[in-house]
Amino acid sequence: MADPILKVSNLCTYFHTKAGVVKSVDDVSFEVAPGEILGVVGESGSGKSVTGFSIMGLVDPPGRVDGGSIVFDGRDLVGLDDGQMRRLRGKRIAMIFQDPMMTLNPVLRIDTQMIEALTAHITISNEEARQRCRDALGMVGIPSPDERLKSYPHQFSGGMRQRVAIAIALLHNPELIIADEPTTALDVTIQAQILYEIQRLVSEHNTAMLWITHDLSVIAGLAQRVAVMYAGKVVETGTVAEVIDRPLHPYTNGLIGSVPSRNRRGEPLAQIPGMTPSPLNLPQGCAFRTRCPKADEACAVQPGITAPLPNRFIRCFHPVEAQEVIGEAVSA
Amino acid sequence: MTVFIIRRTLQAVIVLLVMSAIVFLGVFAIGDPVAILISPDATQADIDAAIRNLGLDKPIWEQYLVFLGNALQGNLGDSFVYNEPAIRLILQRMPATLELAVVAVLLSIFVGIPLGMWAGLRPSGVAGKSIMVGSIFGFSLPNFWQGIMLILLFAVILGWLPAFGRGDTAEFLGIRSSLWTLDGWAHIILPAINLALFNTSLVIRLTRASVREVIGLDYVKFARAKGLSRRRVVGVHVMKNIMIPLVTVIGLELASLIAFAVVTETVFAWPGMGKLIIDSIFVLDRPVIVAYMMIIVLMFIAINLIVDILYSVFDPRVRLSDMKR
């Protein structure tokens, strides 16, 4: 595999609130190579979105990157000043957001919002900029881009708006795209179209992609590797096929078991008991131990990263045994 | 659009009719202007003659119909006191009030919005907090007291600015105003600040609240993720969204500044409409009161119409064809 374009090591992003320190991202490491899609899976509040914002340098106070490094193309983004970070954002690292209804400014026309993304980074004539915007809209499958450029966001459907947001993200052919649940708010048919477009564009341009989602079935069909996050930590990483076929962390096992499947029709769905712990009051040691069927006294100590199988990394003292696997391969 | 404006105009006529009837009856109910206007030692014959002259001997409904008939021809009656057309009296003083109100509104816009944005963008900073505390004083201290303090400080103690009155006027582009002379500006600064203080505070608080709301929304974060400069994000993406609530409030404030500049005009002896209406109410000068009210109502209607049209400029989701009311 090619050298990673993004290498996140021991990233810690903490929110210093009045009620205490919330460790939204705690000691997270992963890497993404050009042309690769890395899925980041977790429940709400697991820190997956904050990870994305940390890479973009868009964590707002009281949040702050408190440790670790984010090496992008050989340069550590942690500690870059605003101006240097701004020149990277949108140009070499782009982001797509979850809710297409909210990502476009309702009072500005599409052409304004697209052209400003171009002129923020390059000097370009108005006519040339329009041409590039038209091309970008055409590329994501928006018909009659000429008229569409003159429209306002409210004249688009949700799926169309997400296509526009993707077109904006692709304007500069970024080397890395961070997609924060971009298809969660869309209908399944639209979701499939968008996923197809993204897969095509990523492989055409050899773009690295971080796909943040809570939906394992999307990851199963899209990503090459997956990182499972729980309570601010990556608890399991590996290739998608291996992790889904043979989860090693009890949380991943529970997550896969919660996906409805045709082969287990009629049986009650397996659930993970309990709720995500409050980020202000995480259990000592492994944060999952209060909900984990395999937890014992050993789990009161934070487990380090181990590799029970080749190229499979987990944070757990008691990896799931083969016969304990609940689910089976989730197909997209 | 045309239908919208025609409908608005019809509504305006109805509002004007209802309002004139209410004011007419109201002034009639308060008292008899003849008793105030005529000298105490006048004979009964003089009094009767005065009543006949003013048309007050007829029953109230007949007086009202006569008034309406005249009003349709653009004549709102002569002032009982000055014996001049009421409308001319008011129009004579209107420029003074208008220039005061316009300067005050401009002050509240160009001071209020930047301060409000500052406080909204840096809510935990010392400056942001001071601005918010200051704005509380701005709209909780009584207006007349603020005026007196301004005079005391800048006119009496420091002696920088004149304490009262309107400065020299000059004519420019066919408009006669004290804004074209330096002396005029020296005179208008204090009353304009006094008039603007309340509104500036209101604009500061509204701007801050809107900025706080908009800044956390996804589209602002997305704009930042595009690599836009901070100036562009705040100046275009945030600004255009907070203008929608601001235009409403500033529009209504302009109208109420013109209508209710009474306190400031009294404190600073400013020869505007506010002072005229107060004097007229004291002597029950009905034609002036009614004419004044009608002009004010017209102005509110016009400003509301402009605000509605401005909505569609700032918010593309509002289409004028959708405006049914």
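**Exercise 1. How many residues of helix α11 (residues 250-257) of chain A are buried?**

The model is predicted: local features need pLDDT of at least 70, side-chain atom pairs count only at pLDDT 80 or more, and totals for chains, interfaces and linings use all residues. Residues are numbered from 1 along each chain as its sequence is written, chains are lettered from A in the order in which they are written, and side-chain values use heavy atoms, without hydrogens and water.

Step 1. Fix the terms. Buried means under 20% relative accessible area, with a 1.4 Å probe and protein chains only. Helices (H or I, at least four residues) and strands (E, at least two) are DSSP runs, numbered from the N terminus.

Step 2. Count. In α11(A), 8 of 8 residues are buried. Among them are Pro250(A), Tyr251(A) and Ile256(A).

Step 3. Find the cover. It includes β3 (37-41), α9 (216-222), β9, β10 and α10 (240-245) of chain A.

**Exercise 2. Place strand β10 (residues 233-239) of chain A among its partners.**

Step 1. Check exposure. In β10(A), 6 of the 7 residues are buried.

Step 2. Take strand β9 (residues 225-230) of chain A. Two strands pair if DSSP finds at least two bridges between them. β9(A) and β10(A) pair antiparallel over 6 bridges. Tyr230(A) is set opposite Lys233(A) of β10(A).

Step 3. Inspect the turn. The two strands form a hairpin with 2 residues between them. Ala231(A), in that turn, has a positive phi of about 50°.

Step 4. Go to strand β12 (residues 312-314) of chain A. It runs antiparallel to β10(A), joined by 2 bridges. Thr237(A) has Phe313(A) as its bridge partner in β12(A).

**Exercise 3. Describe the interface of chain A and chain B.**

Step 1. Count contacts (heavy atoms within 4.5 Å). They link 28 residues of chain A with 22 of chain B.

Step 2. Give the buried area, the accessible area (1.4 Å probe) that two parts lose on being put together, summed over both. The two chains bury about 2300 Å², 62% of it on carbon and sulfur atoms. Met102(A), Val107(A) and Glu116(A) supply 25% of the area that chain A buries against chain B, more than any other three residues.

Step 3. List salt bridges (a side-chain nitrogen of Lys or Arg within 4 Å of a carboxyl oxygen of Asp or Glu). There are 4 between the chains. One of these joins the side chains of Asp60(A) and Lys221(B), at 3.8 Å from N to O.

Step 4. Assign the chain A side. α4(A) gives the largest share, 4 residues.

Methods:
Buried < 20%, exposed > 50% of the residue type's maximum accessible area, 1.4 Å probe, protein only.
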